[in-house]
Amino acid sequence: MLREYARHAAAFSPEARLFLSAQALYGLGQTAVWVLRNLHLKAAGFGESFIGTSLAVQSAAGVAVVLLATPWMDRLRLRPFQILGTVLLAAGLAGTAWVRGPAAVLGLCLLTGLGMALLDASASPFITRHSTSLERPWLFGVATALSPASGLLATLGIKLGASVWGESTSSTGRMMVVAGGATLLALLPLAVLRDAPPEPAKGGDDDRLDWRTASKFILPELAFGLGAGLTIPFINLYFRNRFGLPAGTIGLYYAAAQALMMGAFLLAPVIARRWGSVRTIVAFQMTSIPFFAILALTTSLEVAVAAFVLRHACMNMVHPVGSHFAMEVIHPRQRARINGVKQAGNKVAWAVSNSLGGLLIAQGALLPFLVDGFSTVMAVTIALYAAGSAMYWGFFGRAAQEPPAPPAEV
């Protein structure tokens, strides 16, 4: 597998390689948002309900990007969107380390959401513009694997920072500032790459959004987004509250998950070539559900860590397969917008469920067999993930052209 990747990687364009470098650098900041920010806010005295609200604001910002920016992404060069997204992500992340007021925190979460949404929405169209159909599956595999690679580096850095600065609000703040600075380094490769122009308009219906295609993604995305938003942003608090773990140790668990997911991302295109994309997507999504059930109910730290790592890899490994198929089957003048519609469904659902997730966790176990509030939200997430996978299979299992898996980490 690695030899095959190496052979195809030799054909990547210089612009694609520069973009991969930028993606690896701003991936450090994205990881810091998920691993550090909730812990920082919790240490600063904010409760789970407010943290859920902050996550909802971040998701709502992503929806705003989809509505306002993605139509222009199909008509303009994409490098300015990547540059703006990098600056907003870095500013929102580092700024959160210094503010204390709720309104200021929410404002910085808004910046972070805008930045990450700009980066995510423009990434797949950017890769497609700078690659051929032959190299594209492998380029998507490498690009997607860079996210956990950056995450692994970031989480190891968090562990190092915790050992140097200790476990406190000031230490997590310092680590967020460092991560924001590392994110800004992505501006260097973005500054020198030559950006490809958009696909020229050919008249007709090129600029009219194909809602028939786009709408098929919305219902599954809503199910996955609702389930993910209830649980995924609170996993770090799950380890903190249920097992009493410090930020540095939690960071190591995320590092293990990122390491396994990096290999899974590279393996997924190879599996999809044999099984077909929809079969691969649905199979691994459903495989993740038993691990989620274990995570919800166990009180053993060792079992929880194993379930967390395996669930993370199974649920997310099919992203490069999905991204590649989406860009292949969507009209070139519609790629950013339909990619944005998929993300919009996911982000709307996250915005709704983030606040609900924080409230449910604060309420504690709602049924006798549940351990705590985290078990409650995970049980609902399992049902929603199963529904999303069933809808994907129902919509596309027999289709000649198969669609992608959800683009956001779930």
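1. Phe239 is a buried residue, at 0% relative accessibility. The model is a predicted one, and the points below should be read with that in mind.

2. Phe239 pairs with Tyr253. The structure holds 14 aromatic pairs; in the one formed by Phe239 and Tyr253, the ring centres are 5.4 Å apart and the planes stand at 50 degrees, which makes the pair tilted. Phe239 belongs to helix 11 (residues 235-243) and Tyr253 to helix 12 (residues 247-275), so the pair ties together parts that are 14 residues apart in sequence. Tyr253 has 16% relative accessibility and counts as buried, because the cut-off for that class is under 20%.

3. The Phe239 and Tyr253 rings also belong to a wider group. One aromatic cluster is formed by Tyr238, Phe239, Phe243, Tyr253, Tyr254, Phe308 and Phe374.

4. Helix 12 also contains Arg273. This arginine is exposed, with a relative accessible area of 54%; the class requires over 50%. The C-alpha of Arg273 is 9.3 Å from that of Val321, and the two residues are 48 apart along the chain.

5. Helix 13 covers residues 277-297, which is 21 residues. From its first C-alpha to its last, helix 13 reaches 32 Å, close to the 30 Å expected at 1.5 Å a residue. Buried positions in helix 13 include Ser277, Val278, Thr280, Ile281, Val282 and Phe284. Gln285, Ser288, Ile289, Phe292, Leu295 and Ala296 in helix 13 are buried as well.

6. Ser124 sits in helix 6 (residues 102-129). Its relative accessibility is 11%, so Ser124 counts as buried. Leaving aside residues up to four places away in sequence, Ser124 touches Phe140, Ser323, Met327 and Asn339.

7. On the surface, Leu160, Val164, Trp165 and Val178 make a nonpolar patch of about 400 Å². Helix 7 (residues 136-165) supplies the largest share of this patch, three residues. Val164, one of the patch residues, is placed in helix 7. Val164 is exposed, with a relative accessible area of 59%.

8. To restate the two settings for comparison by the reader: Ser124 in helix 6 is buried at 11%, whereas Val164 in helix 7 is exposed at 59%. For the aromatic residues in point 2, Phe239 is buried at 0% and Tyr253 is buried at 16%.

Definitions and conventions
Residues are numbered from 1 along each chain as its sequence is written. This is a predicted model: local features need pLDDT of at least 70, side-chain atom pairs count only at pLDDT 80 or more; totals for chains, interfaces and linings use all residues. Side-chain values use heavy atoms; hydrogens and water are left out. Helices (H or I, at least four residues) and strands (E, at least two) are DSSP runs, numbered from the N terminus. Buried means under 20% relative accessible area, exposed over 50%, partly exposed in between (1.4 Å probe, protein chains only). Contact means heavy atoms within 4.5 Å. Patches are made of residues with over 30% relative accessible area and no salt bridge: like charges are joined within 9 Å, nonpolar side chains (Val, Leu, Ile, Met, Phe, Trp, Tyr) within 5 Å. Accessible areas come from the Shrake-Rupley method with a 1.4 Å probe; for residues, only the protein chains shown count as cover. A salt bridge is a side-chain nitrogen of Lys or Arg within 4 Å of a carboxyl oxygen of Asp or Glu. The expected span of a helix is 1.5 Å times one less than its number of residues. Rings of Phe, Tyr and Trp (its six-membered ring) pair if their centres lie within 6.5 Å; planes under 30 degrees apart count as stacked, over 60 as edge-to-face and the rest as tilted.
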